[in-house]
Amino acid sequence: MGFSTMIDLIGSSVIFGWLFLITITAKQANNEDFQANQGELLCQQNLVELTKTLEYDFRKIGYCKEPDRLPNPTLAILLADSTRIKFLTDLDLDGTGPDGIVDSLYYYLGTTGGMMNNANARILYRVVNNLPAAGSNLGVTSFKLTYYDQSNNVIATPVPAAKLQTIFSIQISLSVQNVVASALAETAPVNQQFQTAFYQQRRLSTVNYLNR
Amino acid sequence: MMSVLAVGMLATVMLTVNTNVQDNNNAVQMSQYRIMASSLATSTIQRATGLAFDQNTVNCNVTSTSSLTAAGALGVETGEIDSVENTFNDFDDYNRFHKWVKGDSIFFRSADFYVHSTVDYVQITGNAIVTSASPTYTKRITVYVSSPYMATDTITASTLYSYWYFR
């Protein structure tokens, strides 16, 4: 073997190693990106499911199939705070549609902790007719309600009982994160990556509020 | 020569992988912005439908369409600003409404959005809802939401709003 052949062999080995490292790094980056994208997709799907439920319920504040049982929709909101709300509505409890019996619905945000990996995630509880609380573990990190009167002024929370009738519209602000980190190094807090999705919408408190 | 070809192939593969990664990231971001844009459109529609049907029905009722605002005069009245919703008192004030919704890290954790809307009178012709040149008891608001972060996409939402009152 000549000296030049050895140089060729060494050079080839170096180049091969360099290419191999590039490939491994690219594969690792691709895997991380795939995990992040999957996390983002799950986060957005969770957000959409939550908002569908919230929009459906909030649209029916003050609604009753038998209007005589809830004659004044402005009295439908029983409790209004920045992270919780309780109101009267008519729910479809058995799949056959609203039954004309006034129901109560109570939304409130649980405390932090207890979630896998994500210490900021909480459970958003939905309580029907004072039954045991049922919540969705979808990584809610923030659930904020802002109340406005007819002049578009913000009503301070918690809203006193005497001012509940003045709530004209409600702004819902919702943040959702993954309950499981998507980064490969999940042990160190600084390396954990949680995808976040944000939603904000203002809704009328009762659709038929005003005599126009 | 073979080594050069191999490096060239690897470079091509790397570029393709990076392009796919960037496209996927872009798709994820765009879907987030679209969710927010549709929420803004719905919020605008909700605020509009909470107002009186017409300037002439704010404090009283009307008994004829001739008492409603003329089709060419739909929009803000004197003292109202077309970019400030707080000054609106009736549904058609949202005609030519426009505003920027700026994102921030605290109250609105999203991108910047531009919201504008139009309002017109509508009637049913055949099976279609068409614009009416004269006042009717039904108005239509169309809200457009766009963003520099959504490229050329514009989210459009519309709803009909009819005049009614309790006796």
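## A hairpin to start with

Strand 2 and strand 3 of chain B form a hairpin with 2 residues between them, and Gly126(B) in the turn has a positive phi of about 70 degrees. Here helices (H or I, at least four residues) and strands (E, at least two) are DSSP runs, numbered from the N terminus. The two strands of the hairpin run antiparallel and are joined by 4 bridges; strands count as paired if DSSP finds at least two bridges between them. One of the bridge pairs puts Thr125(B) opposite Ala128(B) in strand 3 of chain B.

A word on the model and its labels: this is a predicted model, in which local features need pLDDT of at least 70 and side-chain atom pairs count only at pLDDT 80 or more, while totals for chains, interfaces and linings use all residues. Residues are numbered from 1 along each chain as its sequence is written, and chains are lettered from A and ligands numbered from 1 in the order in which they are written.

## The rest of chain B

Strand 2 of chain B (residues 113-125) also pairs with strand 1 (residues 97-101) in the antiparallel sense, over 5 bridges, and Val101(B) has Phe113(B) as its bridge partner. With strand 4 (residues 138-146) of chain B, strand 2 shares 8 bridges, again antiparallel. In that pairing, Asp120(B) is matched with Arg140(B).

Chain B as a whole holds 1 helix and 5 strands, in the order α-β-β-β-β-β. Its radius of gyration, taken over C-alpha atoms, is 23 Å, whereas a compact globule of 167 residues would have one near 15 Å (the globule rule is 2.2 Å times the number of residues to the power 0.38). The C-alpha trace spans about 90 × 45 × 25 Å along its principal axes. Buried residues make up 28% of the chain; a residue is buried if 20 or more other C-beta atoms lie within 10 Å of its own, exposed if 12 or fewer, and partly exposed in between, with C-beta atoms placed from the backbone.

## Chain A and its helix

Chain A has 1 helix and 8 strands, which follow the pattern α-β-β-β-β-β-β-β-β. Of its 212 residues, 29% count as buried. Helix 1 of chain A has 57 residues and reaches 83 Å from its first C-alpha to its last, close to the 84 Å expected at 1.5 Å a residue (the expected span is 1.5 Å times one less than the number of residues).

The buried residues of this helix include Gly39(A), Glu40(A), Cys43(A) and Phe58(A). The buried residues of helix 1 pack against strand 4 (122-128), strand 5 (134-148), strand 7 and strand 8 of chain A, together with helix 1 of chain B. Phe58(A) counts as buried because it has 20 C-beta neighbours inside 10 Å. Leaving aside residues up to four places away in sequence, Phe58(A) touches Ile170(A) and Arg203(A), where contact means C-beta atoms, placed from the backbone, within 7 Å. The C-alpha atoms of Phe58(A) and Ser12(A), 46 residues apart along the chain, are separated by 68 Å.

## Where the chains meet

The interface joins 24 residues of chain A to 29 residues of chain B. On the chain A side, the elements giving two or more residues are helix 1, strand 7 (169-177) and strand 8 (196-204). Helix 1 of chain A gives the most, with 10 residues. By class, this side has 10 nonpolar, 9 polar and 5 charged residues; Ala, Val, Leu, Ile, Met, Phe, Trp, Tyr, Cys and Pro count as nonpolar, Asp, Glu, Lys and Arg as charged, and the others, Gly among them, as polar.

## The nonpolar core

In soluble globular proteins, nonpolar side chains tend to be buried together. The largest nonpolar core has 56 residues, and Val140(A), Val176(A), Ala37(B), Phe91(B) and Val145(B) touch the most other members. The largest share of this core, 7 residues, comes from helix 1 (residues 2-49) of chain B. A nonpolar core is a set of buried Ala, Val, Leu, Ile, Met, Phe, Trp, Tyr and Cys residues joined through C-beta atoms within 7 Å. Beyond residues up to four places away in sequence, the contacts of Val176(A) include Cys43(A), Leu47(A), Val140(A) and Ala197(A).

## Backbone oddities in chain A

Most residues other than glycine have a negative phi, and most peptide bonds are trans. Asn130(A), in the loop between strand 4 and strand 5, has a positive phi of about 60 degrees. Asn130(A) counts as exposed because it has 10 C-beta neighbours inside 10 Å. Asn152(A) has a positive phi of about 65 degrees and sits in the loop between strand 5 and strand 6. The peptide bond from Thr157(A) to Pro158(A) is cis, with omega near -5 degrees.

Notes
Two residues are in contact if their C-beta atoms, placed from the backbone, lie within 7 Å.
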